[in-house]
Amino acid sequence: MKKVPYRNQFSKILGLTLIAFLFYTVPVGAQDDAAGEVASADAGDAKKGKALFNQNCAACHALNRKMTGPALANVEARLSEEEGLDREWLYSWIKNSPGMIKSGDPYANKVYAEYNQAAMTAFPTLTNEDIDNILAYTAAPPPAAPAAAAGANEAGSGGASGQGSGVSNEIILGALVLVFGLLVVMLLLVNKTLQRIAQANGVVVEKEKAQKGLPLWKAFAKNQFLVLVTAILLLLGSAYFAYGWMMQVGVDQGYAPIQPIHYSHKIHAGDNKIECKYCHSSARVSKHSGIPSLNVCMNCHKSIYEYTGNPEGPSQEDLENGYTNEFYTGEIKKLYKAVGWDETNQKYTGESQPVEWVRIHNLPDFAYFNHSQHVSVAGVECQTCHGPVEEMEIMYQYSPLTMGWCIDCHRETNVKVEGNEYYEKIHAELSKKYGVDNLTAAQLGGLECGKCHY
């Protein structure tokens, strides 16, 4: 047997390379970890600082833009370079900013005057270690967007796999077409062969002549029974479809208009758990639920100037519909333009614009519906009529809102009388009359015409 020394030499080189790589990477990694631990111990924990920042500072401050207070990215380094202030000054300012203003500190009074004499909230409960952690977070470089890289990788891998799948499908399809073509050719050859055999044996193939009869329509017209049955079926079918069409007049179930400012109920009511009646406060005390004023939106969006999305990133469905972080941030800018909010100087300009919202749920004028009676008295949940609002990206009419739909609800819903003295006497009398323990809205008069119609 002939020996091949090249293989042994290659394996030795590969083994030595792996050993050298391991010896090189392990100490370097250990040194980096040790250096990171030392830096973290000296400068604070940025991870803990982020939680403290979001809890105490995020309502008035952002890292890279001016809000109610100044931007705080690299605030310690900037104050040291521009004003000659050290960390001890920051300790004092954060823990007792009003005291520093009263003491006449020059830079404290400068910031106080620059931001419309809006004094910063004092945080005496924060320790020096907490402040170190917050400063570490403000000094940390912004993290890379792993979602974008992952999305790119997924797109690349998806493209490759899709391409591979496409090639295999094309091969299969081509093979099937080839087999089908061969079968057609074989059938043609068999047909020609049979014709030649027939000619050789003196067999003449003649096409049978079809007997000429009455046209189909004439035969149908002469059959009076078929004509009568067909006419009846056509009349009944037309009446059925005409009735179905007329019964849908004024029923706008599924209606989802495009609003001038995109508002996602899925983000507000779903992800952020905002109660429906926080925005539609009139539903508690009024016939109408009301359209919330834009000032209600600005209660939150003075500080929330951009949409950063969920931690897990946008879903594939959102990306396909164009619901990216940039899209939602652009809608917030439309809100600022409508209310006349100058986000640079953090104040209203007085130049507001009306927002022409498109109404979704619209009952006829002759139908009376009182939100407060259902929400406050009956305790009906918003989702009962409006559907899973917390899952709707675009709000749409969930229920048909027809008379039959309302009557069915009154027949099936029991009246809540616990703790309601108004219903005690009438509930006791009507319960005896109907022989039931719980009265429905229908038994309490919910089917009377005058309850819903003027």
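**Local geometry, salt bridges and a pocket in the predicted model**

Lys-273 is exposed, with a relative accessible area of 67%, in a model of the chain that is predicted. This value lies over the 50% above which a residue counts as exposed. The residue is placed in the loop between α11 (265-271) and α12 (276-279), and its phi is near 60°, a positive value in a residue other than glycine. A positive phi also occurs at Asn-74, where the angle is about 55° although the residue is not a glycine. Asn-74 is likewise found in a loop, here the one between α2 (46-56) and α3, but with a relative accessible area of 39% it is classed as partly exposed.

Helix α11, which precedes the loop of Lys-273, contains Ala-269. When residues up to four places away in sequence are not counted, Ala-269 touches Ile-274 and Glu-390. Ala-269 and Pro-388 are separated by 119 residues in sequence, whereas their C-alpha atoms are 9.9 Å apart in space.

For the chain as a whole, the secondary structure comes to 21 helices and two strands. Of the 454 residues in the chain, 21% are buried, and the chain exposes about 33,100 Å², of which carbon and sulfur atoms supply 60%. Among contacts with a sequence separation of 6 or more, 65% are accounted for by residues 24 or more positions apart.

Side chains of opposite charge can pair when their charged atoms come close. The structure holds nine salt bridges, among them one in which the side chains of Arg-87 and Glu-76 meet at 2.8 Å, N to O. Because Arg-87 lies in helix α4 and Glu-76 in helix α3, this pair ties together parts that are eleven residues apart in sequence. The two partners fall into separate accessibility classes: Arg-87, with a relative accessible area of 19%, is buried, while Glu-76, with 25%, is partly exposed. The boundary that divides them is 20%, since buried means a relative accessible area under that value.

A second salt bridge is formed by Glu-83 with Lys-110, the closest N and O atoms being 3.7 Å apart. This pair links distant parts of the chain, with Glu-83 in the loop between α3 and α4 and Lys-110 in helix α6, 27 residues apart. Glu-83 counts as partly exposed at 32% relative accessibility, and Lys-110 also counts as partly exposed, at 46%.

A pairing within one helix is provided by Lys-334 and Glu-331, whose side chains meet in a salt bridge of 3.2 Å, N to O. Lys-334 and Glu-331 both lie in helix α15 (residues 325-339) and are three residues apart, about one turn of the helix. Lys-334 is partly exposed, with a relative accessible area of 39%, whereas Glu-331 is buried, with a relative accessible area of 8%. In addition, Arg-65, Lys-333 and Glu-343 are joined into one network by salt bridges that share partners.

Helices α3, α4 and α6, which appear in the description of the salt bridges above, also take part in the second largest pocket. About 770 Å³ of space lies in this pocket. The second largest pocket is lined by 34 residues, of which His-61, Pro-70, Leu-72, Trp-93 and Met-120 are the closest to its centre. At least two residues of the lining are supplied by each of α3 (75-82), α4 (87-95), α6 (106-114) and α7 (128-139). The largest share, five residues, comes from α6, the helix that also holds Lys-110. In terms of residue class, the lining of the second largest pocket divides into 23 nonpolar, six polar and five charged residues.

Note on methods:
Residues numbered from 1 in each chain as written. Predicted model: local features only at pLDDT ≥ 70, side-chain atom pairs only at ≥ 80, totals over all residues. Heavy atoms only, no water. 1 Å grid on protein atoms, 1.4 Å probe; cavity = no way out; pocket = protein on both sides within 12 Å on 5 of 7 lines; lining within 4 Å. Points joined across faces, edges and corners; volume = space filled by probe spheres on them. Helix = DSSP H or I, 4+ residues; strand = E, 2+ residues; numbered from the N terminus. Nonpolar A, V, L, I, M, F, W, Y, C, P; charged D, E, K, R; others polar. Salt bridge = Lys/Arg side-chain N within 4 Å of Asp/Glu carboxyl O. Buried < 20%, exposed > 50% of the residue type's maximum accessible area, 1.4 Å probe, protein only. Contact = heavy atoms within 4.5 Å. Areas by Shrake-Rupley, 256 points an atom, 1.4 Å probe, with all protein chains shown as cover.
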